[in-house]
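Me: Please take a close look at one part of this predicted model, namely its largest nonpolar core. Which residues have the most contacts inside it, and which helix gives the most to it?

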Amino acid sequence: MIRRALLALAVLAAPLSAQDTTRGVRIGLTYDAGTRPGVVVLPSRGVGADSLRAILQRDLGFGDRVNVIDLDAAAADAINRGANSWPILARLGAAASVQVTPTPTGLHLAVYDVAKQVTALVRDFPAPPMTDARGWRAAVHGLADELEESLTGTRGVARTRVLFERNKRIWLVDSDGEQIVAVSGGTGIHGSPAWHPGGSMIAYSSINPWQIVVQDLVSGGTRTIAGGTGVFISPVFTPDGASIVYAHGVDDGVDIFTIPTAGGTGRRLSVGRGSDNTSPTFSPDGRRIAFMSGRAGHPEIYTMDADGTNVDLLTPLEFGENAYRASPDWSPDGRVVAFRSGNGSLAQVLTINLRDRSLKQLTSEGANEDPSWAPDGRHLVFVSSRSGSKQLWVLDTETGRTRQLTRGAAVRNPAWSPRLPQN
Amino acid sequence: MTRRTLVLALMTTLAVPALDACHRSKPEPEAAPAATTTTVDMSAAQRRADSVAAADAARRRADSLAALRNAGADAERARVEALQTLAQKVYFDYDKDALRDDVRAVLDAKAAVLAANPAVTLVVTGHTDERGTAEYNLALGQRRAAQVKRYLVSKGISETRMATQSMGDSQPAVQGTDEAAYQQNRRAEFEAMNTAGALMRPRS
């Protein structure tokens, strides 16, 4: 009966979204309040089953919302031999077990409620063949995100990607550190990548030639949106995607401009009077912009209305202090702005609360900068020197857990994507 | 007979018919033998004088060529000096765009060269060390280039003759993560354009 009720709930939820038929569905698992539900990912049979299980376990682990429990060899053997798995799973502390099986057309998901000893959810996901590694992995990540939502009520961010700079080009990496690929080509030194809210278009800045470039990730086609004499820096799309806001200046300081994404003429928003004003980031409602400004003789984070009015100093300005604040990124829930603060290379990542201006230091190991929020508003990607070279790391701001996302040549300026569409 | 005498005698023998040929259209009266002897003696003296004059002329030509060569070398030296002055980098303190005294002296020399050579234009490129964010450094590099341009304008150089740009921290002059490397990288570089013709030394 419970199972029927849950399935009925899933069906009722279907009209909410044409793309995600289980969106909003949560399985009522039983586990101790204040803890993360324990989840066992059961082995399965079929081509790619082991890879599938490994990716899923990693995605759930990286999500930091469930406790992925290892199935020891004895338990796995017992379950494989057809033993009653409920007491085994209960002994391991699992609130749920999950099994994903490859099918000819995709992936078959089954979720079991261990306490109630029932099947809680069954669903089939379309997926391309494994030979299409990128598409297949994206399908698995998408399944992981929906599974996380079913288990915890909050959708995961496994099917997201991170843009970053490496060796003067823009690169992409999946949220689990796999599928690293160069995106930008041609002349110039490319930096400061930013996502269109739809997830299929990016913008970045170029040095020599100095310009703002828009690139379609599907076709690879590029378009120069602004360019010429002076610097063209730090583009960012408005939350509706209709405009790009960027910083530009020649001999009289750098100011923040806006230009339609479809093309047009740049219009100045900030009035820096010869100071540097760069690195805009929008509040989720698109009404305010946080940015870095040196207008007081010292780089700090300010906010202003989207039309450039009502400028307000956000970070505390301490007279005589050598450290400066830069690289703001407004959290998706709108509550805080992450930024870097520090003197030269000795920087750390902090957040400041928009309501009470309280500060929270998030990093302390090595030098850390360039924070960018994941769409869940909980995880941050940033650049850290803690491993010896500048690499991308991911921080869970709730537990403080970190993981290294990239290795190899130095990187900078990450930008975490929105949740990406199915394709 | 010394070799010089022989040469003069040969020249005389050859020269006379040639001279005669020149005046063929205007017949000369026949000269007496005695007079001929005298003429030969006179010609020898004249030839010596001519020879000395020719040697003098050759020396003057050589001197003149050397002078020309010297003038060319001097023009080339002036050109090299001007280009070196225009290309000399200037350096900045950490996180600063202010011009230090040593930088002003270098820029004064550039201003003088630019004033003496009105066709020359200059691209000023600002650079930073690797510390700080990429975006901040791009803005800082632009500010450094703009400060340099502003100073040269204050010294009378038209702003239309100068363009500014920033490479931020993307093109370090030297690799390294110590202050010595950082100082080399916090700089403005200069590219002089329209320098194909002669370059004048500044008027002192």
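Reply: The largest nonpolar core comprises 28 residues, and those with the most contacts inside it are A:L107, A:L109 and A:V111. Several elements of chain A supply at least two residues each to this core: strand 1 (38-41), strand 3 (96-103), strand 4 (106-113) and strand 5 (118-126), together with helix 2 (49-63) and helix 5 (133-152). The most is given by helix 5 of chain A, which provides seven residues.

A:L107 merits individual attention. Neighbours within four places in sequence being left aside, A:L107 is in contact with A:L52, A:V100, A:T101, A:R123, A:D124, A:F125, A:A127, A:W136, A:A139, A:V140 and A:L143. As a general background, nonpolar side chains in soluble globular proteins tend to be buried together.

Separate from this core is a second one, of 23 residues, among them B:A82, B:L86, B:V124 and B:A188. For the context of that second core, chain B may be described as a whole. Chain B contains five helices and four strands, arranged along the sequence in the pattern α-α-β-α-β-α-β-α-β. Chain B has 204 residues, of which 35% count as buried. Among the contacts in chain B with a separation of 6 or more, 76% are accounted for by residues 24 or more positions apart. The computed accessible surface of chain B is about 12000 Å², and carbon and sulfur atoms hold 58% of that surface.

How values were computed: Residues are numbered from 1 along each chain as its sequence is written. Chains are lettered from A and ligands numbered from 1 in the order in which they are written. This is a predicted model: local features need pLDDT of at least 70, side-chain atom pairs count only at pLDDT 80 or more; totals for chains, interfaces and linings use all residues. Side-chain values use heavy atoms; hydrogens and water are left out. A nonpolar core is a set of buried Ala, Val, Leu, Ile, Met, Phe, Trp, Tyr and Cys residues joined through side-chain atoms within 4.5 Å. Buried means under 20% relative accessible area, exposed over 50%, partly exposed in between (1.4 Å probe, protein chains only). Contact means heavy atoms within 4.5 Å. Accessible areas come from the Shrake-Rupley method with a 1.4 Å probe; for residues, only the protein chains shown count as cover.
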